[in-house]
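Reader: I am new to reading structures, and I would like to understand how the words used for them are justified. Could we go through some of them together, with the reasons given each time?

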Amino acid sequence: ELREVSRREGAAVPHALDLTVRPRRNRKAEWARRMVRENVLTTDDLIWPLFLIDGHNKREQVASMPGVERLSVDQAVREAERAMKLTIPCLALFPYTEPSLRDEEGSEATNPNNLVCQAVRAIKKEFPEIGILCDVALDPFTSHGHDGLISDGRILNDETVAVLVRQALVQAEAGCDIIAPSDMMDGRVAAIREGLDRTGLLDVQIMAYAAKYASAFYGPFRDAIGSAKTLTGDKRTYQMDSANTDEALREVELDITEGADMVMVKPGMPYLDVVRRVKDTFAMPTFAYQVSGEYAMIAAAANNGWLDGERAMMESLLAFKRAGADGVLSYFAPKAAEKLRAQG
Ligand code: PBG
């Protein structure tokens with residue numbers, strides 16, 4: 001059979017190459033491949049983003065993200081239980097805000113009783129041992145879909161930062177463990193750290209979306225939080241130009257200097273080079289966000305039978321580990337965790 005043939009190949013095959021080095025030897029069987037494997041993905045590497053919606057006992061399919069739903073708070077608590085059982089360490093929460101609650105200033109962002117804060121309290125009450133990350137940015141709450149305040153068509157940096165600090169504080173006071181500013185305003189990490197410390201919230205961590213690019217891959221997310229139709233223009237005056245990596249290092253360095261405990265690169269797979277440079281340069285806990293468009297591509301191709309969805313999912317997640325990431329925010333988190341646990 002196969003193994004016998006390969007063992008005797010040199011002697012048996014008339015045209016055998018005279019090779020001293022044969023890299024395939026280390027790949028000859030699963031046990032051998034396991035022995036030399038350089039990177040592993042575990043459930044500890046996963047952060048699971050959930051979309052929230054107002055109501056009770058409600059689950060709504062996100063059209064552009066097959067398999068992903070918007071969840072009412074009680075359903076989000078059920079998913080938190082699932083995450084606990086799957087030993088996923090952390091959830092990330094994103095709200096779909098009712099259009100009637102959106103305004104020019106994104107005032108709902110600083111409402112201590114908004115959907116995100118309600119979900120944080122409900123999940124923490126049932127499952128205090130699971131980590132919760134909250135996004136800081138105004139786009140789920142503004143009528144124009146931008147992450148900051150606007151005047152005369154321009155994003156106001158410093159005025160926005162003041163609002164972001166208040167948003168971070170209501171989330172932290174609700175019990176959120178990790179504040180994750182995704183707005184890309186200048187100076188927001190320092191301002192949020194100062195606000196948290198002044199309030200005595202010394203243990204609340206900051207995971208900065210430090211290198212966040214203006215990307216086409218956020219499309220399905222904007223669909224999920226309901227800002228796709230309302231967004232006017234693009235986010236290129238605050239999110240990064242996808243052509244740059246030196247700039248990513250400067251952004252990351254700033255956020256570390258300003259007090260970030262962890263840094264993130266976003267999107268994920270198209271920016272693995274950035275993940276590697278950031279990890280090698282700063283040796284900080286470094287995360288990557290496998291964003292909605294990346295999820296949608298794999299899910300859609302799998303649903304069409306064009307690729308093996310499970311294998312593509314696991315391969316894409318492992319790629320982040322290989323690039324140096326300490327963890328990944330991924331909509332595949334529960335599926336991947338189930339698979340990892342089944343593998344033992
Ligand atoms: C909000 C935010 C976005 C994402 C995370 N936080 C969208 C955006 O910046 O427009 C995208 C996540 C995803 O696509 O999965 N600022």
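Author: What follows is a set of questions and answers on this structure, which is a predicted model.

Reader: Why is Glu251 called buried or exposed, whichever of the two applies?

Author: The cut-off for a buried residue is 20 or more other C-beta atoms within 10 Å, and because Glu251 has 22 C-beta neighbours inside 10 Å, it counts as buried. Glu251 lies in helix H9, and, not counting residues up to four places away in sequence, it touches Ala210, Ala211 and Met240. The unreviewed UniProt entry lists Glu251 under "binding site", an annotation that may be inferred rather than shown by experiment.

Reader: And what makes Lys85 buried or exposed?

Author: A residue is exposed if 12 or fewer other C-beta atoms lie within 10 Å of its own, and since Lys85 has 12 C-beta neighbours inside 10 Å, it counts as exposed. Lys85 is found in helix H4, which covers residues 73-85. Its C-alpha is 9.8 Å from that of Ala337, although 252 residues separate Lys85 and Ala337 in sequence.

Reader: How do you know that strand E1 is largely enclosed by the rest of the structure?

Author: Strand E1 spans residues 46-52, and seven of its seven residues are buried, so the strand is largely enclosed by the rest of the structure. In a regular strand the side chains alternate between the two faces of the sheet. In E1 both faces are covered, with Leu46, Trp48, Leu50 and Leu52 buried on one side and Ile47, Pro49 and Phe51 buried on the other.

Reader: What makes E1 and strand E4 a pair?

Author: Pairing requires at least two bridges between the strands, and E1 and E4 (residues 90-95) have six, in the parallel sense. One of the partnerships between these strands joins Leu52 to Pro95 in E4. E1 is also joined by two parallel bridges to strand E12, residues 327-330, where Val328 is the bridge partner of Leu46. Two bridges, again parallel, link E1 to strand E3, residues 69-71, and there Phe51 stands opposite Arg70.

Reader: Which residues have the most contacts inside the largest nonpolar core?

Author: They are Leu52 and Leu93, within a core of 101 residues. The largest share of this core, eight residues, comes from helix H6, residues 157-174. Leaving aside neighbours within four places in sequence, Leu93 is in contact with Leu50, Leu52, Val116, Ala119, Val120, Ile132 and Cys134.

Reader: What covers the buried residues of helix H7?

Author: The cover includes strand E5 (131-136), H6, strand E8 (178-181), E9 and H9. The buried residues of H7, a helix of residues 188-198, are Arg188, Val189, Ala191, Ile192, Arg193, Gly195 and Leu196. H7 is followed by Gly200, which has a positive phi, near 85 degrees.

Reader: Lastly, how many residues of each class make up the shell around the ligand?

Author: The shell has four nonpolar, two polar and five charged residues. Among the residues around the ligand are Asp135, Asp139, Arg222 and Lys235, as well as Ala137, Phe221 and Ser182. Asp, Glu, Lys and Arg count as charged, and on that rule Asp135, Asp139, Arg222 and Lys235 belong to the charged class.

Definitions and conventions: Residues are numbered from 1 along each chain as its sequence is written. This is a predicted model: local features need pLDDT of at least 70, side-chain atom pairs count only at pLDDT 80 or more; totals for chains, interfaces and linings use all residues. A residue is near a molecule or strand if its C-beta atom, placed from the backbone, lies within 6 Å of it. Helices (H or I, at least four residues) and strands (E, at least two) are DSSP runs, numbered from the N terminus. Two residues are in contact if their C-beta atoms, placed from the backbone, lie within 7 Å. A nonpolar core is a set of buried Ala, Val, Leu, Ile, Met, Phe, Trp, Tyr and Cys residues joined through C-beta atoms within 7 Å.
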